[in-house]
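Okay, thanks for coming, everyone. I'll put the structure up on the screen and then we can walk through it together.

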Amino acid sequence: MPFSETTVRHAAKPIAADVSEGRLREWYRPPDLLSGGVETVIAAHSAPHDTADRIMRDTGLTGLPALEH
């Protein structure tokens with residue numbers, strides 16, 4: 001996730017006032033992925049429905065019936 005999105009998400013957290021953008025930048029590591037290729041990178045611009053569709057396909061859940069509310 002790009003640093004700009006990280007700062008947007010950070011601003012919504014309870015610790016936002018206590019952790020400055022400068023401090024957040026010190027901790028930020030792009031991309032910080034697990035070794036062995038076990039993670040799938042989803043682009044920051046991916047629409048929510050496209051992201052959900054991809055997760056359903058990648059996990060083999062596309063054949064399940066929709067949940068009823």
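So, glutamate 21 and arginine 25: they sit four residues apart in helix 2, residues 21–27, which means about one helical turn separates them. Before I go on, bear in mind that this is a predicted model. In it, the side chains of those two residues meet in a salt bridge, at 3.6 Å from N to O. If you want the background, an α-helix has 3.6 residues a turn, so residues three or four places apart point the same way. And side chains of opposite charge can pair when their charged atoms come close.

How exposed is this pair? Glutamate 21 has 47% relative accessibility, so it counts as partly exposed. Arginine 25 is partly exposed as well, because its relative accessible area is 49%.

Now, helix 2 carries another pair with a spacing of about one turn: arginine 23 and glutamate 26, three residues apart. Their side chains also form a salt bridge, here with an N to O distance of 2.7 Å. Arginine 23 comes in at 40% relative accessibility, so call it partly exposed. Glutamate 26 has 55%, and that makes it exposed, because the cut-off for that is over 50%.

Let's hop over to helix 3. Aspartate 58 and arginine 54 are four residues apart there, again about one turn of the helix. They make a salt bridge at 3.5 Å, N to O. Arginine 54 is partly exposed, at 31% relative accessibility. How many salt bridges does the structure hold in total? Five.

Okay, helix 1. Which of its residues are buried? Phe3, Thr6 and His10. Look down the axis of helix 1 and those buried residues fall within an arc of 50 degrees, so they line one face of the helix. What do they pack against? Helix 2. On the face turned away from the buried side, helix 1 has the exposed residues Ser4, Val8 and Ala11.

Let me zoom in on histidine 10, which belongs to helix 1, residues 3–11. Its relative accessibility is 10%, so it counts as buried. What does histidine 10 touch, once you leave aside its neighbours within four places in sequence? The contacts are Ile15, Ala16, Val19 and Leu24.

On the outside, there's a nonpolar patch on the surface made of Met56, Leu61 and Leu64, with about 250 Å² of accessible area together. Leucine 64 lies in the segment after helix 3, that is, after 48–58. Leucine 64 counts as exposed because its relative accessibility is 55%.

Now let's zoom out to the whole thing. The secondary structure comes to three helices and zero strands, so to speak α-α-α from the N terminus on. The C-alpha trace spans about 45 × 35 × 20 Å along its principal axes. For the radius of gyration, a compact globule of 69 residues would come out near 11 Å, but this protein has 16 Å.

What share of the 69 residues is buried? Just the 9%. The accessible surface comes to about 6000 Å², and 57% of that belongs to carbon and sulfur atoms.

That's my tour. I'll leave the picture up, so go ahead and rotate it.

Conventions
Residues are numbered from 1 along each chain as its sequence is written. This is a predicted model: local features need pLDDT of at least 70, side-chain atom pairs count only at pLDDT 80 or more; totals for chains, interfaces and linings use all residues. Side-chain values use heavy atoms; hydrogens and water are left out. Patches are made of residues with over 30% relative accessible area and no salt bridge: like charges are joined within 9 Å, nonpolar side chains (Val, Leu, Ile, Met, Phe, Trp, Tyr) within 5 Å. Accessible areas come from the Shrake-Rupley method with a 1.4 Å probe; for residues, only the protein chains shown count as cover. A salt bridge is a side-chain nitrogen of Lys or Arg within 4 Å of a carboxyl oxygen of Asp or Glu. Helices (H or I, at least four residues) and strands (E, at least two) are DSSP runs, numbered from the N terminus. Buried means under 20% relative accessible area, exposed over 50%, partly exposed in between (1.4 Å probe, protein chains only). Contact means heavy atoms within 4.5 Å. The arc is that of the directions from the helix axis to the C-beta atoms. The radius of gyration is taken over C-alpha atoms; the globule rule is 2.2 Å times the number of residues to the power 0.38.
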